Amino acid sequence: MAEDWSADEAELAEDLERAIITGLWAIGDWALYPKLCAAAGLSDALDVTPDALRVFLQGKLEAVQPDETQLRIGMLLGLVRGLWGKPLDNRRTAVSKAFGEEGPKSAALTGRKKRRNKQAKLALAREILSKRQPTRTGTDKLPFYARPIEQGELLKWTGGNDRIALLAGDSGNGKSSIAIKIFEQVDESLTMRKVAVDASTRDSQIKSINKYVDSDPDVSLSELQQRFATYLKKLPPRSILLIDNAPDWEAIEVLVLWSHRTIVTAEDENIIPSDFGRTLIRVGPLSLESATQLVKWFRRRADIAEAEHFAEAVNRNPRIIVDCLGMFSEEDMSLEDMSEVVEDDAGAMLETAGTHTRSVHKLYGIYFRQTLKDDPVVRWCIAILAHLNQSVLSKSIAAKTAQEFSSMQDKGKVIHAASVAVPLTTLKSRFLLELTRDDIYMHGVTMRLFRKVTEDYRLNVYMAVVSRYVSDHSRSLATLDEILPGEAILWMPTLMRVVLNVTSDDLSGWFSKDFVFILGELRRGFTQRGEYIYVQHALEHFIKNKSFSFVEDSHPDAEIDEWYMSAYEFGFFSRSTIIKMFENYPTTPGAIRNFSHLVQINWLLARASYGIDDFKVGFEDELREPMELTEVEWGDRLYIGEIHGRCLEYLGHLHTARRIVFDIISHAQVSTTHAIDSARLGAKCACLVGDPPGAENYFMIAHLRYGAAISARCLTRTAEANYLIASGWFQRAAGQTDLKEMQKARDSFFHGAYALYQSGMRRDAFAAYIEAVALDEWLKLAGVQADGWTESAMHNFLTDLHNEVDEPHLTNRRELISAIAAGITSGFDQSAIATISGIMVRASSDFSDIRTASQAAATILHIVEVLGEAPRLELYKSVFLTTMRKWGIQEYDQAERQKFELWVDHLIREDPKSLLLL
């Protein structure tokens, strides 16, 4: 009856009636709907959009009872699926069909429809104005409070054509909740699929992607992202990828590049590079009304004024409201007392927590102190979770760290790993974390606030992590090059958190030997997984904070050199920088245990300075004899032999290099990684001297080792890369009359190059990539149609390597490949001779690059033949001598001379495209 409805409800129902007639999506002047806008908290006309009202009304509609009334008003407003944007007649017809109100028009039927429609509008108006609290369920699942403006903007984006939507704002403001809510509302169809990834940590991203892509448990994140990118490309064109909790651009770049459309949530609104268009949706704190409702969900008996006071005190941040009211019951602390604690030091800003609130950390401190008398294990768990700085942490690592930490804190209260489940459940019951079967999830702002109040425990937590890892995974020096087991790999992100948050001052009380061991494990672990980028981050931190100085001063060790050398391979250090860093390094044999390290340093300096000829002379005159006379371990001997083989291969002594490599891989003690690396070198030498059976033999050795490593679950990303490249050399040697095999060879080089890139070997990756480019140019000249291999994200990384690593001899070689391909395609002229002559001189004089110099000389011989000029005998002789060296012919031999003449005649007269493959 009319008296059942208030005046405010009746006025709001009139606004709803006008909105039904006009259509929410078609309203132009929102000033005509004052009650509706005010009820939605959209008093500013700039905030009012059809999508914002749609989100608000859909949230309220869910609470309307009975269901028939909910459906009727939803259909009239166009909020039911299929009716948004439809004319009024269509919506009214849909209502009539749904409720059996069709038939001949009559006054009775029309009156009945109007009464029911009015009742539905008034019921929705009452629900909008009621401010009714959500009902707490048995699971105590936190309610979601609608954010009409932000949800409306995101909903509008889903119907548009922009590729990227970014929800950005302070931690705890509800970005994830908004994104997930809208994501759930979007319907899948033939043209749209939904995919979601939690990018907060490396492990959480791996687990998310594994829901969509089948992969081996040991696959690296980088490799998994590439497989996922292939999956994303195949989705329908309107598909949406939700990337939640993005930490930085690097962690999500590949996913964004290959997704059709992407929603990203992040704290940094500049996370997406400026050259990417994106819709930015800033997510601020909750509205006062919603924040108050959230407070009252916890504190039912609190009056509105108290709830509003507390909500404002904590800046209406929903995560902090949940944390604080989860930690304290009404009996523990009243709302007013909590507000006073927060406002006690109103001028202080908690910048370290990133929340820009007042002294809310004091409440976290009070709770942390109270747990000491109630349950010290809960207290220890809070400190551990806070300082390990991971929103997703493995339960097993947390439990083992807690066990070690407890023994440091209280010898009489050492806990067992299994008993950590009890305090974790306690923290879950207070809404401070979430648990799955394997992992612990704690929100970022919760961790940062607890970190502020547990600072005294920081170093002890880090020491517990290091101590437990060393205890579980220490091994002898002789086995340090072995593959890290899966459980050790699981610790890598945690160890990285530790080393990135300690300074040289922190380390003064540590065992330097343990810290050096951890550094080595990190370098080996991330390189093994093909995730060298994390090693780079750590190195940047060490250099900036001088963390290495402690280790170098108190415990000199080759491990620091290993970090510097790996950084050079990555391109983090330039050639001139690495030469300067090691300019005072001893160049003569020292202690036997450091002998292989000495050779390694000398080889590094030779490559960086292009003094490879001098290294060969020095090695054969000064280093080889001491190695043979002393008790250098077989593992070191084999590694040194591999360096010698690399040196000879670079200088064009391919036959001798093959012999040395064969001796290495024939030895039973050679590791899988070194065996496959040496087999790659052997296959290259065999291919370049024109020995397909030899290339096949080396490839088969690599293949057997590769298969054994997979079976034993000990395959590193570097070994996988070298196996792919060995495969490329074999396929190239065997397939010059088979275009499909040559395509396979190109792809093997390409994928091997990318695997090296992931493993931090970017200089070697550049060399392998150039082999792929040369083969691709050869395939084009052979008439093979372009197959799109350059369109992948991997190619984008590799093609920029000439800007990322200072390898001028490789850049010089790439220029030669381009000049040969262009000349054969369009015709050579005199300018080509000048260009290629310059490349030849640089290769020979500046870089000692025998292969490129000889290739350039052979190309000039072809050009002068094409132009009808007189033969250049000095170049002919140069190519001849280089080829004899390559084949291992020591003295002049008439048969070999005739063989060479036939080869070069065929090359320059009949098959010039093979110049690309010299």
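Trainee: Why is D691 called partly exposed in this predicted model?

Mentor: The relative accessible area of D691 is 22%. Buried means under 20% and exposed over 50%, so a value in between is called partly exposed.

Trainee: What makes R658 buried?

Mentor: R658 has a relative accessible area of 16%, and the cut-off for buried is under 20%.

Trainee: How do you know that D691 forms a salt bridge with R658?

Mentor: The closest N and O atoms of D691 and R658 are 2.7 Å apart, and the definition asks for a side-chain nitrogen within 4 Å of a carboxyl oxygen. The pair therefore counts as a salt bridge.

Trainee: What does the pair of D691 and R658 tie together?

Mentor: D691 lies in the loop between α33 and α34, and R658 in helix α32, so the salt bridge ties together parts 33 residues apart in sequence.

Trainee: Why is the contact of D8 with K35 called a salt bridge?

Mentor: Their closest N and O atoms are 3.7 Å apart, and the limit is 4 Å. This pair links distant parts of the chain, with D8 in helix α1 and K35 in helix α2, 27 residues apart.

Trainee: Are D8 and K35 buried, exposed or partly exposed?

Mentor: D8 is partly exposed at 44%, and K35 is partly exposed at 33%.

Trainee: What makes R437 exposed, and how does D438 count?

Mentor: R437 has a relative accessible area of 72%, and exposed means over 50%. D438, at 38%, counts as partly exposed. The side chains of R437 and D438 meet in a salt bridge, 3.6 Å from N to O.

Note on methods. Residues numbered from 1 in each chain as written. Predicted model: local features only at pLDDT ≥ 70, side-chain atom pairs only at ≥ 80, totals over all residues. Heavy atoms only, no water. Helix = DSSP H or I, 4+ residues; strand = E, 2+ residues; numbered from the N terminus. Buried < 20%, exposed > 50% of the residue type's maximum accessible area, 1.4 Å probe, protein only.
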